[in-house]
Amino acid sequence: MSLSPNSLAFVALSNEYCSMMESVRDVADPRSFVNEMIRLLPRLYVTASDLKPNPSLDEDEAYLDNYLDEDYYESVRMAIEELLGADDVYLEVFEEDMKYSDTPIRASVAEGLCDIFQELYNFISVVRDAPESRVNDALIAVRDDFASFWSQKVVNLMRPLNQIKYSSDDMGDDADMDEMD
């Protein structure tokens, strides 16, 4: 059994995303971080949407163990929150509780990015040095988690990140942002 090019691309993108999230403390310029997230998130979405792991006999039991501890998650989340400042908070309209609320629901870019980070960190931790059959099972689990949970996070986060990139006074004007790409 061999992994498809799309599966290999997903592993590489997941690793790239996790590396970026783990190095966020070293990022001094919020613009570069926002640009990187705007570059990575759509690619992750498309690649994860197209994941077609080989069928498995125990496909319904495929799951990812939790490797990311709460303290590490929280330290990355706080670093992103600090980097983005006031731009971290946005109003979320695609929240299940929104239909029962008279007031807008506030969400955090940092928390959303870290929720995706947790999924991909767990995935990368499983596939690192794993036999190909275990990688396939991890692909099944991450594909299922994508469909039920983090796909919506990806698309929801694109809106505030786009807003930060193109309209924030703190981030510079569009010409400055285009030069950074």
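## Aromatic pairs and salt bridges

R77 is buried, at a relative accessible area of 14%. That's worth a look, since this residue has a charged partner: R77 makes a salt bridge with E81, and their closest N and O atoms sit 2.6 Å apart. E81 is partly exposed, at 34% relative accessibility. The two belong to helix α3 (residues 70-84), where a spacing of 4 residues puts about one helical turn between them. Keep in mind that this is a predicted model.

How many salt bridges does a search of the whole structure find? The count comes to 8. Here are three of them, with the closest N to O distance for each.

| Salt bridge | N to O distance |
|---|---|
| E36 and R39 | 2.4 Å |
| E81 and R77 | 2.6 Å |
| R143 and D144 | 3.2 Å |

E36 and R39 share helix α2 and are 3 residues apart, again about one turn of the helix. R39 is partly exposed, with a relative accessibility of 33%. This pair doesn't stand alone, as E16 joins E36 and R39 in a network of salt bridges. Over at R143 and D144, the acidic partner D144 counts as partly exposed at 33% relative accessibility.

Now for the rings. Searching the whole structure turns up 7 aromatic pairs. One of them is Y45 with F146, an edge-to-face pair with 5.3 Å from centre to centre and 65° between the planes. This contact links distant parts of the chain: Y45 is in helix α2 (residues 30-49) and F146 is in helix α5 (residues 132-167), 101 residues apart. Is F146 buried or exposed? F146 is buried, at 6% relative accessible area, whereas Y45 is partly exposed at 30%.

F117 and Y121 also pair edge-to-face, with centres 5.5 Å apart and 65° between the planes. This one is a local affair: both residues lie in helix α4 (residues 109-127), 4 residues apart, or about one turn of the helix. F117 is buried with a relative accessible area of 0%, while Y121 comes in as partly exposed at 21%.

Back to Y45, which turns up in two further groupings. Together with F10, F123, F146 and W150, Y45 forms one aromatic cluster. Y45 also helps make a nonpolar surface patch of about 230 Å², along with V46 and V155. V155 is found in helix α5 and is partly exposed, at 39% relative accessibility.

How values were computed:
Residues numbered from 1 in each chain as written. Predicted model: local features only at pLDDT ≥ 70, side-chain atom pairs only at ≥ 80, totals over all residues. Heavy atoms only, no water. Phe/Tyr/Trp six-rings, centres within 6.5 Å; stacked < 30°, edge-to-face > 60°. Buried < 20%, exposed > 50% of the residue type's maximum accessible area, 1.4 Å probe, protein only. Patch = residues over 30% accessible without salt bridge, like charges linked within 9 Å, V, L, I, M, F, W, Y side chains within 5 Å. Areas by Shrake-Rupley, 256 points an atom, 1.4 Å probe, with all protein chains shown as cover. Salt bridge = Lys/Arg side-chain N within 4 Å of Asp/Glu carboxyl O.
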